[in-house]
Amino acid sequence: NLDALHKFATSSILHDQLPRFILHSSLFTHHSFPMRSRNLLALALAPLIVFPLIYSSARESPEPELKIQAFTNATIYPVSSPKIENATLLLKGDTIIAVGPSDQIDIPADAQRIDATGKTIIPGLICTHSHIGSVSGADSSSPIQPEVRVLDSIDVRDTSINKARAGGITTVNLMSGSGHLLSGQTLYLKLREGNTVEDLSIKLPDGSLAYGVKMANGTNSIRDNGPFPGTRAKSAALVRQKFLEAQVYQKKRAKHLEENDPEKIFERDLALETLADILDGKRTVHHHTHRHDDILTVLRLKEEFGFKVVLHHVSEAWKVADEIAAADVPCSLIFLDSPGGKLEARDFEWRNGAELEKRGVLTALHTDDPINDSRWFLRNAAIGVRAGMSREKALEALTLSGAKILDLDKSVGSLEPGKQADFVLLSGDPFSIYTRILETHIEGKQVFDLEDPQDRLFAEGGYGAGQNRQATGCCFYR
């Protein structure tokens, strides 16, 4: 009985009588022990018996009760269901336990109540394509480098992460650049507070890291010399050849696992292993592509090798929207304030989102930060609405669609009971230019507060906003 054990371990009987018990044991009554030595040794040994008993009792004590929070009287957009006026979001620890009209939510007496009258709550924003955290990937040695992991290059103290939180972003797909046909493995992160990149990493049910693979085509990966391709046709040929090699590796690996012979050594190849995982459907290809012909090349390779792919950017999606829909391939769009910057984005159209929505294509949005600042992510969707997207699908594109693309929709992307408590508190309508992001919460914990002077610095800019350490006199401070 643990209660009785704890009472015994902390009782005066134990503290007073145990030394006497030890003192009168056969060991200490031996004639070779003087009385003074017996007393001192008994007192010294008593804690060795007492402390394990107390520690054992403490270990078995129940976990502390999870904190319950109720955000009341808000306008809530669950995303998976229609907007709710005068609503309550109820959390327990890191999990949503209820969302609905305030007069229908039973709030426990011990809950912390936060009055959100006049404010709006939406799910945490999900950026499916970002370069915050000083992320980098492949080098100039080869155009295809599947073995590279951006995990090994992310700085979780970089101020770009603070700015993303200020923009209401709670989940990101961090990836390397598009100067390669394949620049490495991406990484899915929660922008929670943490000391290491592992603290922010999202884990799959088997304990492994959640990530995809970054690929690209078009002008970015074309070079005049070296191992890189000089034309679009050569780009596709190099990718095709590498996947053919991966198919051979895939079969060898499957045979080795089937034989299950510990005496046989299987020589791993990290590059081909990653491609084999793609062929096995374990990893998603996130493919940078702009021009309509480049988009069709990706669809052709997807059909040939059967891998799961998301089309990113797709500046000319409006030209081949029917083909994208027929291939049942999701898209991650970026809306630019001023189209231009590269020749292959010349025919970019704001109506991309509307055209894909008409055809039922799963469509998310991304910042490509620093191309679009993470603090203005909501504005991307507002531009899509202006060009014909429905408000519902535009908000989905910021949240639930991104979660689906990253295979995380069972835990994030909408405000539903059982999902993680990732949400953003706004001052008004999500698509109004006058709306401010007031708070960002990840797994029930606040990671951004506009009322906090340091957080406001990241939201609005100013001296030190772009620096990890800010000078003042002779010293530095965070």
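## The largest pocket

The lining of the largest pocket divides into 10 nonpolar, 7 polar and 15 charged residues. Keep in mind as you browse that this is a predicted model. The volume of this largest pocket comes to about 640 Å³. Its lining has 32 residues, and the ones closest to the centre are Lys203, Leu204, Ser208, Leu209 and Arg283.

Which elements give two or more residues to that lining? They are strand 9, covering 187-190, and helix 7, covering 270-279. Of the contributors, helix 7 gives the most, with 4 residues.

## The second largest pocket

Next comes the second largest pocket, which holds about 480 Å³ of space. Here 19 residues form the lining, and Trp376, Arg379, Ser432, Ile433 and Thr435 lie nearest the centre.

Helix 11, residues 377-386, gives the most to this lining, with 5 residues. As for chemistry, the lining of the second largest pocket has 13 nonpolar, 2 polar and 4 charged residues.

## The nonpolar cores

Let's turn to the interior. The largest nonpolar core has 81 residues, and those with the most contacts inside it are Ile154, Leu191, Phe243, Leu311, Ile324 and Leu398. A second core, separate from that one, has 14 residues, including Ala74, Ala87, Ala116 and Phe423.

Phe243 is a handy place to start looking around. Setting aside neighbours within four places in sequence, what is Phe243 in contact with? The partners are Met215, Leu275, Ile278, Leu279, Phe305 and Phe307. Leu275, Ile278 and Leu279 among these contacts bring us back to helix 7, which spans 270-279 and also gives the most residues to the lining of the largest pocket.

## A buried glutamate

Glu344 deserves a visit of its own. This residue is found in the loop between strand 13 (331-333) and helix 10 (352-358). Is Glu344 buried or exposed? Glu344 counts as buried because its relative accessibility is 3%, and the cut-off for buried is under 20%.

The side chain of Glu344 is joined to that of Thr219 by a polar contact of 3.2 Å. Beyond the neighbours within four places in sequence, Glu344 is in contact with Gly218, Thr219 and Asn220, and with Arg232, His288, His290, Arg291, Asp294, Ser315 and Glu316. Thr219 therefore appears in both views of this buried residue: as the partner in the polar contact and as one of the residues in contact with Glu344.

Notes. Residues numbered from 1 in each chain as written. Predicted model: local features only at pLDDT ≥ 70, side-chain atom pairs only at ≥ 80, totals over all residues. Heavy atoms only, no water. 1 Å grid on protein atoms, 1.4 Å probe; cavity = no way out; pocket = protein on both sides within 12 Å on 5 of 7 lines; lining within 4 Å. Points joined across faces, edges and corners; volume = space filled by probe spheres on them. Nonpolar A, V, L, I, M, F, W, Y, C, P; charged D, E, K, R; others polar. Core = buried A, V, L, I, M, F, W, Y, C linked by side-chain atoms within 4.5 Å. Buried < 20%, exposed > 50% of the residue type's maximum accessible area, 1.4 Å probe, protein only. Contact = heavy atoms within 4.5 Å. Polar contact = N/O pair within 3.5 Å; in protein donor to acceptor, adjacent residues only side chain to side chain.
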